[in-house]
Amino acid sequence: MGQTRGRRTQSERDEMTVEIGYALFSAAFAAAVAFGALAGPALLFDLPVTIEKVMLAAGTSLAAVLFIFRVASVLVRFRQAAQPSQPGRTNPDS
C-alpha cells in the first residue's frame, strides 16, 4: 500500500482491514496457546494454591505481552512492506 496524500482507495482500505483482522486473530490465537501452555496445568491438576496463583498470573502476563507484541509486529511488517524501496521505478532490474 503506497502512501498517498489524498484519500485512500477502497482496495487500500480493504487491505488494511484484512491485515488488522489477521493481526488480531493471530495474536489472540498465540496468546491463547501461550496461556494454555503455562496456566493449563494449574487449571487441570490439583496444585498448591500458591503455585496455581503464580502459574495463572504468569500465563496471563505472558499472554498479554505476546498479544501486544504479535499485533505490533504484524502491523509494522505490513507498513514496511507497503513502501517501495525505490519510488518511481517499476522494473526491479532498472
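**Group meeting: a two-helix chain**

Let me begin with one contact: a polar atom of the Glu12 side chain lies 3.0 Å from the backbone nitrogen of Thr9. Before going further, I should state that the model before you is predicted. Glu12 itself is located in helix 1, which covers residues 10-44. Is Glu12 buried or exposed? Its relative accessible area is 12%, and because the limit for buried is under 20%, Glu12 counts as buried.

Allow me to step back to the chain as a whole. Its secondary structure consists of two helices, with zero strands. The chain has 94 residues, and 17% of them are buried. Its accessible surface amounts to about 7300 Å². Carbon and sulfur atoms account for 65% of that surface. As for contacts, consider those between residues at least 6 apart in sequence: 58% of these join residues at least 24 apart.

I turn now to Ser26, which also illustrates a link across the sequence. This residue, too, is found in helix 1. Ser26 has a relative accessibility of 12% and is therefore classed as buried. Which residues does Ser26 contact, if we leave aside its neighbours within four places in sequence? They are Arg70 and Val74. The first of these partners, Arg70, is 44 residues away from Ser26 in sequence. In space, however, the C-alpha atoms of Ser26 and Arg70 are 7.6 Å apart. Ser26 also has a partner at a smaller separation in the chain: a polar atom of its side chain lies 3.3 Å from the backbone oxygen of Ala23.

Finally, I would draw your attention to the surface. Which residues form a nonpolar patch there? The patch consists of Ile20, Leu24 and Leu75, and together these residues have about 220 Å² of accessible area. Of this group, Leu24 lies in helix 1. Its relative accessible area is 42%, and since partly exposed covers the range between 20% and 50%, Leu24 is partly exposed.

To summarise, helix 1 holds Glu12, Ser26 and Leu24. Glu12 is buried, and Ser26 is buried as well, whereas Leu24 is partly exposed and belongs to the nonpolar patch on the surface. Thank you for your attention.

Terms used. Residues are numbered from 1 along each chain as its sequence is written. This is a predicted model: local features need pLDDT of at least 70, side-chain atom pairs count only at pLDDT 80 or more; totals for chains, interfaces and linings use all residues. Side-chain values use heavy atoms; hydrogens and water are left out. Helices (H or I, at least four residues) and strands (E, at least two) are DSSP runs, numbered from the N terminus. Buried means under 20% relative accessible area, exposed over 50%, partly exposed in between (1.4 Å probe, protein chains only). A polar contact is a pair of N or O atoms within 3.5 Å; within protein, one must be able to donate a hydrogen and the other to accept it, and residues adjacent in sequence count only if both atoms are side-chain atoms. Patches are made of residues with over 30% relative accessible area and no salt bridge: like charges are joined within 9 Å, nonpolar side chains (Val, Leu, Ile, Met, Phe, Trp, Tyr) within 5 Å. Accessible areas come from the Shrake-Rupley method with a 1.4 Å probe; for residues, only the protein chains shown count as cover. A salt bridge is a side-chain nitrogen of Lys or Arg within 4 Å of a carboxyl oxygen of Asp or Glu. Contact means heavy atoms within 4.5 Å.
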